[in-house]
Amino acid sequence: MEELIEKIIAFREERDWRQFHNPKDLTISLNLEASELLELFQWKNSETAVEENYEKMKDEIADVIIYSLMLCHDLNIDVDSAIRNKIQKNADKYPIEKSYGLNKKYTDL
(Lines give C-alpha, C1' and ligand atoms only; values in the text may rest on other atoms or scores of the structure.)
Protein backbone atom coordinates (compact mmCIF):
# COMPACT_ATOMS: atom_id res chain seq x y z
CA MET A 1 0.00 0.00 0.00
CA GLU A 2 2.79 2.42 0.90
CA GLU A 3 4.46 1.92 -2.49
CA LEU A 4 1.20 2.74 -4.24
CA ILE A 5 0.70 5.87 -2.15
CA GLU A 6 4.27 6.93 -2.91
CA LYS A 7 3.61 6.58 -6.66
CA ILE A 8 0.45 8.65 -6.41
CA ILE A 9 2.19 11.38 -4.41
CA ALA A 10 5.19 11.37 -6.77
CA PHE A 11 2.85 11.78 -9.75
CA ARG A 12 1.25 14.77 -8.03
CA GLU A 13 4.56 16.33 -7.00
CA GLU A 14 6.04 16.00 -10.51
CA ARG A 15 3.20 18.17 -11.78
CA ASP A 16 3.21 20.66 -8.88
CA TRP A 17 -0.43 19.88 -8.10
CA ARG A 18 -0.05 19.74 -4.31
CA GLN A 19 -0.97 23.43 -4.22
CA PHE A 20 -4.48 22.51 -5.39
CA HIS A 21 -4.95 19.49 -3.14
CA ASN A 22 -6.26 20.67 0.19
CA PRO A 23 -8.58 18.35 2.14
CA LYS A 24 -11.73 20.17 1.01
CA ASP A 25 -10.90 20.02 -2.69
CA LEU A 26 -9.68 16.42 -2.49
CA THR A 27 -12.97 15.50 -0.83
CA ILE A 28 -14.94 17.32 -3.52
CA SER A 29 -12.93 15.52 -6.21
CA LEU A 30 -13.50 12.19 -4.48
CA ASN A 31 -17.23 12.82 -4.49
CA LEU A 32 -17.23 13.88 -8.14
CA GLU A 33 -15.37 10.73 -9.18
CA ALA A 34 -17.77 8.58 -7.15
CA SER A 35 -20.62 10.33 -8.95
CA GLU A 36 -19.03 9.51 -12.31
CA LEU A 37 -18.97 5.86 -11.24
CA LEU A 38 -22.60 6.11 -10.16
CA GLU A 39 -23.56 7.64 -13.49
CA LEU A 40 -22.43 4.48 -15.27
CA PHE A 41 -25.30 2.65 -13.53
CA GLN A 42 -27.96 5.26 -14.29
CA TRP A 43 -31.03 3.88 -16.07
CA LYS A 44 -29.60 0.35 -16.25
CA ASN A 45 -29.79 -2.73 -14.10
CA SER A 46 -26.53 -3.77 -12.46
CA GLU A 47 -25.73 -6.55 -14.90
CA THR A 48 -26.20 -4.37 -17.98
CA ALA A 49 -24.28 -1.48 -16.46
CA VAL A 50 -21.30 -3.68 -15.67
CA GLU A 51 -21.40 -5.37 -19.04
CA GLU A 52 -21.53 -2.07 -20.93
CA ASN A 53 -19.17 -0.02 -18.75
CA TYR A 54 -16.69 -2.39 -17.13
CA GLU A 55 -13.55 -0.64 -18.41
CA LYS A 56 -14.92 2.80 -17.51
CA MET A 57 -15.83 1.48 -14.07
CA LYS A 58 -12.25 0.38 -13.47
CA ASP A 59 -11.03 3.89 -14.30
CA GLU A 60 -13.61 5.61 -12.08
CA ILE A 61 -12.92 3.24 -9.18
CA ALA A 62 -9.21 3.95 -9.59
CA ASP A 63 -9.92 7.70 -9.44
CA VAL A 64 -11.94 7.26 -6.24
CA ILE A 65 -9.15 5.23 -4.65
CA ILE A 66 -6.44 7.66 -5.79
CA TYR A 67 -8.22 10.66 -4.27
CA SER A 68 -8.93 8.67 -1.10
CA LEU A 69 -5.29 7.68 -0.75
CA MET A 70 -4.09 11.24 -1.37
CA LEU A 71 -6.47 12.49 1.29
CA CYS A 72 -5.25 9.84 3.74
CA HIS A 73 -1.65 10.76 3.00
CA ASP A 74 -2.24 14.46 3.50
CA LEU A 75 -4.21 13.93 6.73
CA ASN A 76 -1.69 11.39 8.08
CA ILE A 77 -4.31 8.65 8.20
CA ASP A 78 -2.87 5.15 8.23
CA VAL A 79 -5.04 3.39 5.64
CA ASP A 80 -4.47 -0.09 7.02
CA SER A 81 -5.36 0.91 10.58
CA ALA A 82 -8.35 2.97 9.48
CA ILE A 83 -9.79 0.07 7.47
CA ARG A 84 -9.15 -2.49 10.21
CA ASN A 85 -10.75 -0.21 12.82
CA LYS A 86 -13.80 0.38 10.61
CA ILE A 87 -14.22 -3.34 9.96
CA GLN A 88 -14.22 -3.92 13.74
CA LYS A 89 -16.74 -1.13 14.30
CA ASN A 90 -18.98 -2.65 11.61
CA ALA A 91 -18.61 -6.09 13.19
CA ASP A 92 -19.72 -4.62 16.51
CA LYS A 93 -22.72 -2.91 14.91
CA TYR A 94 -23.62 -5.90 12.74
CA PRO A 95 -23.07 -9.09 14.74
CA ILE A 96 -23.47 -12.18 12.58
CA GLU A 97 -26.24 -13.63 14.72
CA LYS A 98 -28.36 -10.49 14.21
CA SER A 99 -27.44 -9.44 10.69
CA TYR A 100 -26.80 -12.62 8.71
CA GLY A 101 -28.67 -12.47 5.40
CA LEU A 102 -30.38 -9.17 6.25
CA ASN A 103 -29.99 -5.75 4.66
CA LYS A 104 -31.24 -3.79 7.65
CA LYS A 105 -29.39 -0.90 9.22
CA TYR A 106 -27.84 -1.70 12.60
CA THR A 107 -30.43 0.47 14.36
CA ASP A 108 -33.16 -1.81 12.99
CA LEU A 109 -31.63 -5.13 14.04
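Which residues form a positive surface patch? In this predicted model, the patch is made up of Lys-86, Lys-89, Lys-93 and Lys-105. One of these residues, Lys-93, belongs to helix α4, which covers residues 79-93. Lys-93 has a relative accessibility of 30% and therefore counts as partly exposed, since that class takes in values between the cut-off for buried, under 20%, and the cut-off for exposed, over 50%.

Charge of the opposite sign also gathers on the surface. A negative patch brings together Glu-2, Glu-3, Glu-6 and Asp-78. Among its members, Glu-6 sits in helix α1, a helix that runs through residues 2-14. Glu-6 is classed as exposed because its relative accessible area is 54%, and the exposed class begins over 50%.

Helix α1 also contributes to a surface patch of another kind. Phe-11, Trp-17 and Phe-20 make a nonpolar surface patch of about 330 Å². Of these three residues, Phe-11 can be placed in helix α1. With a relative accessibility of 42%, Phe-11 counts as partly exposed.

What, then, does Arg-12 touch, leaving out residues up to four places away in sequence? Arg-12 is likewise part of helix α1, but this residue is buried, with a relative accessible area of 1%. The value falls under 20%, so the label of buried applies to Arg-12. Beyond its sequence neighbours up to four places away, the partners of Arg-12 are Trp-17, Arg-18, His-21, Leu-26, Met-70, His-73 and Asp-74. Trp-17 thus appears both among the contacts of Arg-12 and in the nonpolar patch with Phe-11 and Phe-20.

Ile-5 offers another view of helix α1, where this residue is also found. Is Ile-5 buried or exposed? Its relative accessible area is 9%, so Ile-5 is buried, given that the cut-off for this class is under 20%. When neighbours within four places in sequence are set aside, Ile-5 is in contact with Leu-69, His-73 and Val-79. His-73 is therefore a partner of Ile-5 and is also listed among the contacts of Arg-12. Val-79, for its part, touches Ile-5 and lies at the start of helix α4, whose range is residues 79-93. A separation can be given for Ile-5 as well: between this residue and Asn-22 there are 17 Å in space, C-alpha to C-alpha, and the two are 17 residues apart in sequence.

Taken together, helix α1 holds the buried Ile-5 and the buried Arg-12, along with the exposed Glu-6 and the partly exposed Phe-11.

Definitions and conventions
Residues are numbered from 1 along each chain as its sequence is written. This is a predicted model: local features need pLDDT of at least 70, side-chain atom pairs count only at pLDDT 80 or more; totals for chains, interfaces and linings use all residues. Side-chain values use heavy atoms; hydrogens and water are left out. Helices (H or I, at least four residues) and strands (E, at least two) are DSSP runs, numbered from the N terminus. Buried means under 20% relative accessible area, exposed over 50%, partly exposed in between (1.4 Å probe, protein chains only). Contact means heavy atoms within 4.5 Å. Patches are made of residues with over 30% relative accessible area and no salt bridge: like charges are joined within 9 Å, nonpolar side chains (Val, Leu, Ile, Met, Phe, Trp, Tyr) within 5 Å. Accessible areas come from the Shrake-Rupley method with a 1.4 Å probe; for residues, only the protein chains shown count as cover. A salt bridge is a side-chain nitrogen of Lys or Arg within 4 Å of a carboxyl oxygen of Asp or Glu. Lys and Arg count as positive and Asp and Glu as negative; His and the chain ends are not counted. The place of a charge is taken as NZ of Lys, CZ of Arg, CG of Asp or CD of Glu.
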